[in-house]
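Please open the model in a viewer and keep the selection tool at hand. The stops below proceed from one helix to the whole chain and then to individual side chains.

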Amino acid sequence: MTVENDESERPPPWLNEIGRPKITRRLPSVLTPSEIAATFAHMDGVSLLISQLLYGTGMRILEGLRVRVKDVDFERGVIIVREAKGGKDRVVMLPQTLRAPLHVQLNAAKQLWQLDRNTSVPGVEMPDALARKYPRANESCAWHWVFPQTQLALDPSTGVRRRHHYFPETYRRAMAKALKLAGVIKPASPHTLRSSFATHLLQSGADIRTV
């Protein structure tokens, strides 16, 4: 027994002529070296160091803010980026010019870590698997944030009051203010520093495979 297809179920013939919608790919905004310098001139403290780190290593904003003390390797001159895009770890080069300010920042971070231990503040947030395997690791200095918040905050997922890493929103506001003061009219965000890093490397003759 054969059943004829209902003509009403067939798509109208003109539907195939429409085609798929085209995806418009826009080139990322890139700041010139002079625009970078002018923007950084209107930043200071932790926000300046974070900017220099993102621009000098090509890290994404959350990758930079989530760096742990143990992931900065001064001897090898590298920073280990944990759980980067795709869930994989990777290594970025530590610029020579950032060694001294990073040492200063690490000392400040360790002071906050010691304060937390002296006052029995719960340890920092950890990846779930590691938190189960090493339940006390979150209280160690090695796992402490390089860029910790100066104030404690409530973790909405657990209800625990602990020390978090520097908030992305806080950094974005500092960068937006600096861009405005520097007179930069291009649309720019923390990710722009990553795009500028790659572009300036290529312009200086770096191999595309190393970018």
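**First stop: helix α5**

Select residues 99-118, which form helix α5. At 1.5 Å a residue, its 20 residues should span 28 Å, and the end C-alpha atoms are indeed 28 Å apart, so the two values agree. The expected span is 1.5 Å times one less than the number of residues. Helices here are DSSP runs of H or I with at least four residues, strands are runs of E with at least two, and both are numbered from the N terminus.

This is a predicted model, in which local features need pLDDT of at least 70 and side-chain atom pairs count only at pLDDT 80 or more, while totals for chains, interfaces and linings use all residues. Residues are numbered from 1 along each chain as its sequence is written, and side-chain values use heavy atoms, with hydrogens and water left out.

Which residues of α5 are buried? Highlight Leu102, Gln105, Leu106, Ala109, Leu112, Trp113 and Asp116. Buried means under 20% relative accessible area, exposed over 50%, and partly exposed in between (1.4 Å probe, protein chains only). Viewed down the axis of α5, the buried residues fall within an arc of 125°, so they line one face of the helix; the arc is that of the directions from the helix axis to the C-beta atoms. An α-helix has 3.6 residues a turn, so residues three or four places apart point the same way.

Now turn to the face of α5 directed away from the buried side, where the exposed residues Ala100, Val104, Gln111 and Asn118 are found. To see what covers the buried residues of α5, display α3, β1 (72-73) and β2 (78-81), which are among the covering elements. After α5 comes serine 120, with a positive phi near 60°.

**Second stop: the whole chain**

Colour by secondary structure: the chain has eight helices and five strands, in the order α-α-α-α-β-β-β-α-α-β-β-α-α from the N terminus. Of its 211 residues, 36% count as buried. The exposed surface of the chain is about 13800 Å², of which carbon and sulfur atoms supply 55% (Shrake-Rupley method, 1.4 Å probe). Among contacts with a separation of 6 or more, 60% are between residues 24 or more positions apart, a contact being heavy atoms within 4.5 Å.

**Third stop: salt bridges**

The structure holds ten salt bridges, each defined as a side-chain nitrogen of Lys or Arg within 4 Å of a carboxyl oxygen of Asp or Glu. Side chains of opposite charge can pair when their charged atoms come close.

Select lysine 186 and glutamate 35, whose closest N and O atoms are 2.9 Å apart in a salt bridge. This pair links distant parts of the chain, 151 residues apart: lysine 186 is in the loop between α7 (168-182) and α8 (190-203), and glutamate 35 is in helix α2 (residues 33-40). Lysine 186 is partly exposed at 31% relative accessible area, whereas glutamate 35 is buried at 18%.

Next, select arginine 90 and glutamate 63, a salt bridge with its closest N and O atoms 2.9 Å apart. Here the link joins strand β3 (residues 90-93), which contains arginine 90, to helix α4 (residues 61-65), which contains glutamate 63, across 27 residues. Arginine 90 is partly exposed, with 25% relative accessible area, and glutamate 63 is buried, with 10%.

Proceed to aspartate 71 and lysine 70, which form a salt bridge at 3.1 Å, N to O. Aspartate 71 is buried at 1% relative accessibility, while lysine 70 is partly exposed at 31%. Extend the selection to Arg82 and Asp89, which are linked with Lys70 and Asp71 in a network of salt bridges.

**Fourth stop: threonine 57**

Select threonine 57 in helix α3 (residues 45-57). Is threonine 57 buried or exposed? Its relative accessible area is 6%, so threonine 57 is buried. The side chain of threonine 57 reaches the backbone oxygen of leucine 53 at 2.6 Å and the backbone nitrogen of methionine 59 at 3.3 Å. Leaving out residues up to four places away in sequence, threonine 57 touches Val92, Met93, Pro95 and Phe197.

**Last stop: arginine 161**

Finish at arginine 161, in strand β5 (residues 161-162). Beyond its neighbours within four places in sequence, arginine 161 is in contact with Val121, Pro122, Leu152, Ala153 and Leu154. Glycine 123 lies 38 residues away from arginine 161 along the chain, and their C-alpha atoms are separated by 9.6 Å.

Key. A polar contact is a pair of N or O atoms within 3.5 Å; within protein, one must be able to donate a hydrogen and the other to accept it, and residues adjacent in sequence count only if both atoms are side-chain atoms.
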